[in-house]
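User: Please take a close look at a single part of this model, the open sheet and how its strands are joined. Other contacts in the chain can follow once that part is clear.

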Amino acid sequence: MVDYREILRLTSLKYSQRSIESCVGSSRHTIRAVQEAAKTAGVKWPECESMTNAELEAVLYPERSSSAYSPYMAPDFQAIHRELAKPGVTLSLLWSEYCDRARSQGMVPYMYTQFTDKYRKWARLTKATMRIQHKPGDAMQVDWAGNTIPVYDPVTGEESKAFLFVCVLPCSCYVYAEACDDMKAENWLGCHAHAYSYYGGVTRLLIPDNLKTGVASNTRYETVLNRSYQEMAEYYDTAIVPARVRHPKDKSLVEGSVGFASTWIIAALRNQKFFSIDEVKSAVSERPEVLNTMPFKKREGCRRDAYLNEEKDFMKPLPSSPYELAVWSTAKVGYDYLVSDGKNKYSVPYDLIGERVDIRLTKNTVEVFFKGSRVASHIREKGVKRDPIIHSEHMTPEHRRYLNYNADDFTTWAASVGEKTSEVVSYFLSSGKEAEQGFKSCASLTKLANRYGNVRLEAACSRVLNITSSPSVRSISTVLKSVRDEKSIVAAASKDDNSYGITRGASYFSKGGKRDD
């Protein structure tokens, strides 16, 4: 008998036909025929190492086998198809198990190539190819529908658009759809959360298109996700794998479901006229149930049955607490040390002026981060506020002091400096129509006290009051600058009291206009 095993072994080691001929004792014509038959049957070494020469002959030359005996064990393709739908199961694993069963029954198994070819032919003939590549609970595909639903203003009749979010589970083709007033990040993330709640579970993978609200960039080398989208995926413990650019087949089912939804949702609602986005949402919310309970045309059941019977048990559980929608953005801090949520402005520490910060917006909070550390947190205002929301600790010292200005504090401070300073402050606060009009002058006076000291300021105020009854910050500052020594300015102020200076005081006239020389 021809040693088929040795011929195939030596062939796998790249021996020449002459060398194989001398080893096995067969002619070169026989060796060539065995090699061609093995190639045709898909038999390779060492995959056939466990087979005997008789078994190999039956595989290589099935026409030589008696009609009463068939050495091959027919695979159970129905069972194989069911097993393939389970997580982690591959055709390679199922072929290995099939080989073990065949040998345990004394039959010959098909080689792997024949096994897979026969299964794919069976799947193609039974219209089952839709289920080959998709495992239950493995992926969720999402996209925006290309068509929109018109919404009319009830007063002006102006037309706006409602956009349709669609997602599908590829294994069961279970569809979820929701109408939104725009395609911005908040609606995009919110629709994902609503879809997971509708399904009652989470898939292992999330496959979106390359829209900017989800994917910052997707090149052949790397994928950069939007921070808000990545945070949502981490919360639900799912992995985002965007479809390749210009490869719609990567999410062909959602593309088909988008067209299907456009027909059975948008087109089905074409005769209704909507006057608010809430009306559109209400009408659209009823349509997924219609789609999911619609019977399949080429197999039994419907999408809901397929999901409940085949996929629901494989979904990951939802998190214990509801998802809090958070949108991230970046902004450069201006000279007013404020950032915006789109409606209102909120303060950040003033030393971040000119820096770029990350802003995290939720329904109730505004958080600001700098280099990964949170530097500010505010309660988010619901409506539009005229004034910005500012925390005093974020302000510069000067601005903080300015907000704390009041007449009583200035009066108390002036009394602690001296009588003449109190007179000047009293004049500043009473010279205008309102006391607030003198706050700026009083604040400038405090700065002069910090720079020159209380004694020199008191002496300067005394000297200016001897000269005029309408003191000003400029005149007091001029006196302080012109006389740099503390003793000199005190002496000058004292001399002004006795020599009258330019202005003749009350003491001059009380002495009859005569000076004591």
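Analyst: What follows describes the sheet and then moves on to ring pairs, charges over rings, one buried acid and the confidence values. The model is predicted, and the mean pLDDT of the protein chain is 81, with 85% of its residues at 70 or more.

The sheet is open and has five strands in the order 3-2-1-4-7, with mixed pairing. Its edges are strand 3 (174-180) and strand 7 (239-240); each has a single partner strand, so one side of each is left without a neighbour in the sheet.

Strand 1 covers residues 139-152 and pairs in the parallel sense with strand 4, residues 205-207, over three bridges. Within this pairing, M140 stands opposite L206, and A139 has L205 as its bridge partner. With strand 2 (residues 159-169), strand 1 pairs in the antiparallel sense over nine bridges. Here V142 has C167 of strand 2 as its bridge partner. The hairpin formed by strand 1 and strand 2 has six residues between the strands, and in this hairpin G157 takes a positive phi near 80°.

The aromatic rings add side-chain pairs to this picture. The count for the model is 21 aromatic pairs. One of them joins W144 and F165: the ring centres are 5.8 Å apart and the planes stand at 80°, so the pair is edge-to-face. Since W144 belongs to strand 1 and F165 to strand 2, the pair ties together parts that are 21 residues apart in sequence. Both W144 and F165 are buried.

Another pair is formed by Y236 and Y323, with ring centres 5.6 Å apart and planes at 45°, so this pair is tilted. Y236 lies in helix 9 (residues 227-236), while Y323 lies in the loop between helix 13 (303-311) and strand 8 (327-332), so the pair ties together parts that are 87 residues apart in sequence. Y236 and Y323 are both buried. In addition, Y174, Y176, Y198, Y199 and Y307 form one aromatic cluster.

Two rings have a charged side-chain end over them. For Y110 the charge is that of K118, 4.8 Å from the ring centre. For W328 the charged end belongs to R227 and sits 3.6 Å from the ring centre.

E367, in strand 12 (residues 365-370), can be followed contact by contact. Its relative accessibility is 12%, so E367 counts as buried. Leaving out residues up to four places away in sequence, E367 touches D358, I359, R360, R374, A376 and S377. With R374 there is a polar contact between the two side chains, at 2.7 Å. S377 is ten residues from E367 in sequence, and their C-alpha atoms are 4.5 Å apart.

Confidence varies along the chain. Mean pLDDT is highest in strand 10 (residues 345-347), at 93, and lowest in helix 20 (residues 486-499), at 54. Over residues 128-132 pLDDT stays under 50, and the model has twelve contacts beyond four places in sequence for this stretch. Where pLDDT is low, the predicted coordinates should not be read in detail.

Terms used: Residues numbered from 1 in each chain as written. Heavy atoms only, no water. Pairing = 2+ DSSP bridges. Helix = DSSP H or I, 4+ residues; strand = E, 2+ residues; numbered from the N terminus. pLDDT = per-residue confidence, 0-100. Contact = heavy atoms within 4.5 Å. Phe/Tyr/Trp six-rings, centres within 6.5 Å; stacked < 30°, edge-to-face > 60°. Buried < 20%, exposed > 50% of the residue type's maximum accessible area, 1.4 Å probe, protein only. Lys NZ or Arg CZ within 6 Å of the ring centre and 35° of its normal. Polar contact = N/O pair within 3.5 Å; in protein donor to acceptor, adjacent residues only side chain to side chain.
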